[in-house]
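Trainee: I've got a model open and some labels I'd like to understand. Can we go through what earns each one?

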Amino acid sequence: MTSAPSREDPARSNPGATEDEIDLRGHLGILLESRGSILVMLVLTLVAGSLYLLVSPPVYRANAVLQIDKKGSRLGELDELLAELSGEVSTEIEIISSRTLLGKVVDELQLDVEARPRRFPFTSEEGRLQVKQVSVPPELEELPLTLVAGEAGAYTLLAPDSQPILDGRAGEPATAPPGSRWQVELLVSELDARPGTRFQVIRRARLEVVEELQRTLRLSEKGNNTGVLSVVLEGEDPPRLSATLGAIARHYVRQNVERRSEEVERTLAFLNTQLPGLREELERAEGALSAHRAGSGIVDLGLEAQAILDRSVDIEKSISALSLERSELRQRFTGNHPVLITTKHKLERLQADRAAINAQLKGLPSAELKSAQLMRDVTVSTELFLQLNNKAQEYRVLKSSIAGNARILDEPVVSRLPVRPSKPGVIALSLVLGLTLGVAHAFARQALRKGVSDPAVVEARLGVPIHATLPLASNREARALLAQTHPHHPVTESLRGLRTRLQLAMRDSPNNVIALTGPSPGVGTSFVALNLAWVLADSGKRVLLVDANLRGGTLHRGFRAEPARGLSEVLGGTIGLEEAVRHIPGQSLSWLSTGALPPNPTELLLSDAFTALVARMSATYDLVLIDTPPILAVTDAALVGRHAGLNLAVVRAGVHPMRELGAALHRLEQDGVPVRGIIFNGVPRSSAGRVVSGIYQYDYPTTG
């Protein structure tokens, strides 16, 4: 008994040369093998991209540019009053995207009302409908109502359940009749359509429309601290898009002016409330002074009294002005604001000065004291009234001439071509995605294969030589006798190489019997045996091909014949070997089918009759090739292999894990049937004649 070669071959089992090495040639082979699936994936993604371009509505982009002036207005006191209103651009962005401002735009353009013709598959209804106002109960919001056009601008509005709600006419307000299920009001400003044309009318929730506008509106500052704001809005309707963005810009500029004039209006309103009281106070003081002069005569004040009077007048004027300023500041700031605290301290000092002056006035003669007090009241009231009146006039002028710090630099412009979807971008993305998915699928399928695909790995791990690597044959080719029908097929050429190796191996063999088996069903053992027998017979040797798979042999299909009588009948003694063997005309190849499948195949293969039959066939023919069942399924292969001088295992690429191959060889060795070589079947190949998985192909020139 010949012992199996050593399983450890350092020259062959170098991991760096087998599994761990990045084999670009192997990767190329995987891609070539999966080129069909890659092409299919590429076509599918291109079709999906084309469908997306067909069904996706075009999206246009509108752009407007606003300028926000951060510098002061140089209007004196107005600039001081409005200094706090000059915020950063980020603040202005929040103001533009606020629900308050966008809500005004929605109300102005009726963006919460949708009216369009209803479209059905393979049909389209044309018409024009303009809805100026629609009011529905909350339960009908976001639900489609159907407006059916009638004669001469008449129409009927239907509920979602197709029940009539109201009848109306274009240009006239329409209301649901009393007692109706739905309280709906509708004003159609224009209706131009054939009678029977249906339109879809939807009253959307105002808050949802505003929030949708917030999501689609994009605002950004061009550069750092430039004050130039870009406002972008995208949508499917260019005219509506331009109108919406224009309304947003106008409302923002108007609101900006209103915010800047708000302080002026508040101050002016305060001054207007103070002027009537000051006028009355002035008239009272002048009347009292006139009465005093009429009763006691004009009293000229001395120099000392005049100086005290002038000082008292200045203090009273300062106190009155500071009191007005304090009242004004209280409208804008809290009591703990530093400005108010400073004003309070100034007022306290002036009041202390006034108390000191009043004490000096009391030291004057009574006649001079009375005249000084009355003259002081008139002078203070006159100065204060004139001062407030002039200030109110200033603010009236400022109110009429005030301008905001924001303006529209560029009016809204809508892109001429849609920005989405981009045809070149979608096609390019489809190509990249298709190639990526196809390549990923190819390598994922290769990675998920549990079987070994590299013959070198099998040879290195198991220590058994690979006698032949047979390229993958198509299903149609696998059912035919390729060695006969395709003499130059890569499989046939590989079997010719195997024939040469077998001739050398048979020199040391105890007999001329070769047995073929495999680890499991479906590896192509019968396919290899059939074509190998034909190639062996081509060399002029008398070859007998025996189907020893008494559990379901299929070799007869390769010869397009019925099993008829065969091996089971010979072993049963019903017929002789000469009667069971069938010959191929014009060929030195004969074959023996299984015959009728016996109930006891193992017992027949263990019998002395089988031993004698093998010896007789070996003596009659130059080579005897026996096809056996898979060893991991049944033990028939081991029973037959004991009589063979050379046992070969057929392995299919990518099907068997290394553990399964090792188990198959180990079972044969335990039964005293060492495997002398492995035939690697079904190795992927390329159609370009390049090397794939260790197979080199040669294409013979065609004649025609």
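Mentor: Sure; it's a predicted model, by the way. Start with axes: these are lines fitted to C-alpha atoms, and their angles run from 0 to 180 degrees between N-to-C directions. On that basis, the axes of helix α5 (residues 99-109) and helix α6 (residues 206-216) cross at roughly 115° and come within 9 Å.

Trainee: What makes α5 and α6 roughly perpendicular to each other?

Mentor: Angles of 65 to 115 count as roughly perpendicular. The crossing is at roughly 115°, and therefore α5 and α6 get that label. As for handedness, α5 passes α6 in a right-handed crossing.

Trainee: Which residues in α5 and α6 meet?

Mentor: From α5, Arg99, Leu102, Gly103, Lys104, Val106 and Asp107; from α6, Arg206, Leu207, Val209, Val210, Leu213 and Gln214. Meeting here takes heavy atoms within 4.5 Å.

Trainee: Why is something called a nonpolar core?

Mentor: Because its members are buried residues from a set such as Ala, Leu and Ile, joined through side-chain atoms within 4.5 Å. Buried means under 20% relative accessible area. The largest such core has 38 residues, with Leu545, Leu589 and Ile679 having the most contacts inside it. Helix α16 (residues 525-538) gives the most to this core, ten residues. Apart from it lies another core, of 30 residues, including Ala64 and Leu213.

Trainee: What does Leu545 touch beyond four places away in sequence?

Mentor: Among others, Ala529, Leu530, Ala533, Phe559, Leu589 and Trp591.

Trainee: And how much of the protein chain counts as buried?

Mentor: 43% of its 704 residues.

Key
Residues are numbered from 1 along each chain as its sequence is written. This is a predicted model: local features need pLDDT of at least 70, side-chain atom pairs count only at pLDDT 80 or more; totals for chains, interfaces and linings use all residues. Side-chain values use heavy atoms; hydrogens and water are left out. Buried means under 20% relative accessible area, exposed over 50%, partly exposed in between (1.4 Å probe, protein chains only). Helices (H or I, at least four residues) and strands (E, at least two) are DSSP runs, numbered from the N terminus. Angles under 35 degrees count as roughly parallel, over 145 as roughly antiparallel, 65 to 115 as roughly perpendicular and the rest as oblique. A crossing is left-handed if the near helix is turned anticlockwise from the far one by less than a right angle, and right-handed if clockwise.
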